[in-house]
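Open the model in your viewer and keep the selection prompt at hand. The stops below are meant to be taken in order.

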Amino acid sequence: MPDRIIVVTGATGLQGGATLRHLLADGRWHVRALVRDPIRAANLTGAELVTGDMGDRASLDAAFAGAYGVFSVQPAYDAPHFDTDEVRYGVNVADAAHAAGVRHLVYTSVGGVERGTGISHWTTKWEIEQHIRALGLPATFLRPVMFMENHASEKYGVTSPTALLRMIGPGARVQLIAVDDIGAFAALAFADPDTYLGLALELAGDEVTREELVAAISHATGLDLSTAPVAPEILAAQGINLDNVRRGGSFGGWQADIPALRELHPDLMDLPTWLDRHGVALFTSRTAS
């Protein structure tokens, strides 16, 4: 039934995958997963796999035909993707959704995108948000802060030369969100358009100091973590300007209203809960590989 079809882009990635799982668990939706290679995405059980590419407008038109909703996420302009087509992909998805008469687009952006940070890979997301608004698409904008999963990642994880926790200043606070909760909010938005259409929500599940972040991860994993500053030449090579993210009362200048978000989503995870449910397993798999 057209009223029950939602197309998920980025279905094999973190945010798309989390959204897909929550939509399927909801049970009310027929979920189409937009994938480049259906064979490699065969583990996405429960979803209809549709072959497509956000750079190929014709494939998007075919995938969105008859759909009620679209979840839109693109590979980021920054490391590790360095995908300079982020804006083109986001615009393509929005244009195809508009042409298909999609009644609810959920776009995942980044916290603080509207506050003029000057951060290049946040500016790209603001361009996409503005294009969606210009089209008049019925939309919800999810703006997540720093992923808890980033601290277990290969690129920015706690044992990496570019560890995010080593970019956070002593005593500074940082807001965090579990990727699974981004998917939960996407599913909530689709299920309750009266509440979520037109909203832009900055998403976080916890706010901690750098010292609390290090202590929590160390306690849960047994890892001895360095907080030595990242070398300036490494930051320069990654195009990272810490002055842009060390602003306001929180790293990144993030301002998510966590109590209000927990009213909407009572199971919103704080850092200890995420470590217990998902994080320790992620850290273990990273350190074992």
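The tour goes through two sheets, two helices and two single residues. Keep in mind that this is a predicted model.

**Stop 1: the seven-stranded sheet**

Show the strands as a cartoon and find the open sheet of seven strands, ordered β3-β2-β1-β4-β5-β6-β9 with parallel pairing. Residues 48–51 (β3) and 200–203 (β9) are the edges; each of these strands has a single partner, so one side of each lacks a neighbour in the sheet. Looking across the sheet, the twist from one strand to the next averages 20°.

**Stop 2: strand β6 and its partners**

Select residues 139–144, which are β6. How many of the six residues of β6 are buried? Six of six are, and the strand is mostly covered. In a regular strand, side chains alternate between the two faces of the sheet. In β6, one side carries Ala139, Phe141 and Arg143, the other Thr140, Leu142 and Pro144, and all of these are buried, so both faces are covered.

Now add the neighbouring strands. β5 runs parallel to β6 and is joined to it by four bridges; one pair to display is Leu105 with its bridge partner Ala139 in β6. With β9, β6 also pairs in the parallel sense, over four bridges. Here Phe141 stands opposite Ala200 of β9, and Arg143 stands opposite Glu202 of β9.

**Stop 3: helix α4**

Select residues 120–135. This is helix α4, with 16 residues; the distance from its first C-alpha to its last is 23 Å, close to the 22 Å expected at 1.5 Å a residue. Colour Trp122, Thr124, Lys125, Ile128, Glu129 and Ile132, which are buried. These residues span an arc of only 155° around the axis, and therefore sit on the same side of α4. Their cover includes α3 (86–100), β5 (104–108) and β6.

α4 packs on the seven-stranded sheet. The helix touches β5 and β6, and its direction makes about 165° with that of β6. Step past the end of the helix to Gly136, which follows α4 and has a positive phi near 75°.

**Stop 4: Gln74**

Go to Gln74, in the loop between β4 (69–72) and α3. Is Gln74 buried or exposed? Its relative accessible area is 10%, and because the cut-off for buried is under 20%, Gln74 counts as buried. Draw the distance between the side chains of Gln74 and Ser72: they are joined by a polar contact of 2.9 Å.

Then show what surrounds the residue. Apart from neighbours within four places in sequence, Gln74 is in contact with Met54, Glu86, Tyr89, Gly90, Val93, Tyr107 and Ile128. One of these, Ile128, was among the buried residues coloured in α4.

**Stop 5: the three-stranded sheet**

Move to the other sheet. It is open, has three strands in the order β7-β8-β10, and its pairing is mixed. The edge strands are β7 (146–147) and β10 (206–209), each with a single partner, so each has one side without a neighbour in the sheet.

Select residues 173–177 for β8, which runs parallel to β7 and is joined to it by two bridges. Met146 stands opposite Leu176 in β8, while Phe147 has Ile177 as its bridge partner in β8. β8 pairs with β10 in the antiparallel sense, over four bridges; Val174, for example, has Val208 of β10 as its bridge partner. Four of the five residues of β8 are buried, so the strand is largely enclosed by the rest of the structure.

**Stop 6: helix α5**

Select residues 179–191. Helix α5 has 13 residues and reaches 19 Å between its first and last C-alpha, close to the 18 Å expected at 1.5 Å a residue. Of its 13 residues, 11 are buried, so α5 is largely enclosed by the rest of the structure. Those to colour include Val179, Asp180, Asp181, Phe185 and Phe190.

**Stop 7: Val214**

Finish at Val214 in helix α7 (residues 210–221). The residue has 14% relative accessibility and counts as buried. Beyond its neighbours within four places in sequence, Val214 is in contact with Leu165, Leu225 and Thr227. For a last distance, pick the C-alpha atoms of Val214 and Ser226: they are 12 residues apart along the chain and separated by 8.7 Å.

Technical notes: Residues are numbered from 1 along each chain as its sequence is written. This is a predicted model: local features need pLDDT of at least 70, side-chain atom pairs count only at pLDDT 80 or more; totals for chains, interfaces and linings use all residues. Side-chain values use heavy atoms; hydrogens and water are left out. Buried means under 20% relative accessible area, exposed over 50%, partly exposed in between (1.4 Å probe, protein chains only). Contact means heavy atoms within 4.5 Å. The expected span of a helix is 1.5 Å times one less than its number of residues. The arc is that of the directions from the helix axis to the C-beta atoms. Two strands pair if DSSP finds at least two bridges between them. Axes are lines fitted to C-alpha atoms, for helices over the stretch in contact, and angles run from 0 to 180 degrees between N-to-C directions. A polar contact is a pair of N or O atoms within 3.5 Å; within protein, one must be able to donate a hydrogen and the other to accept it, and residues adjacent in sequence count only if both atoms are side-chain atoms.
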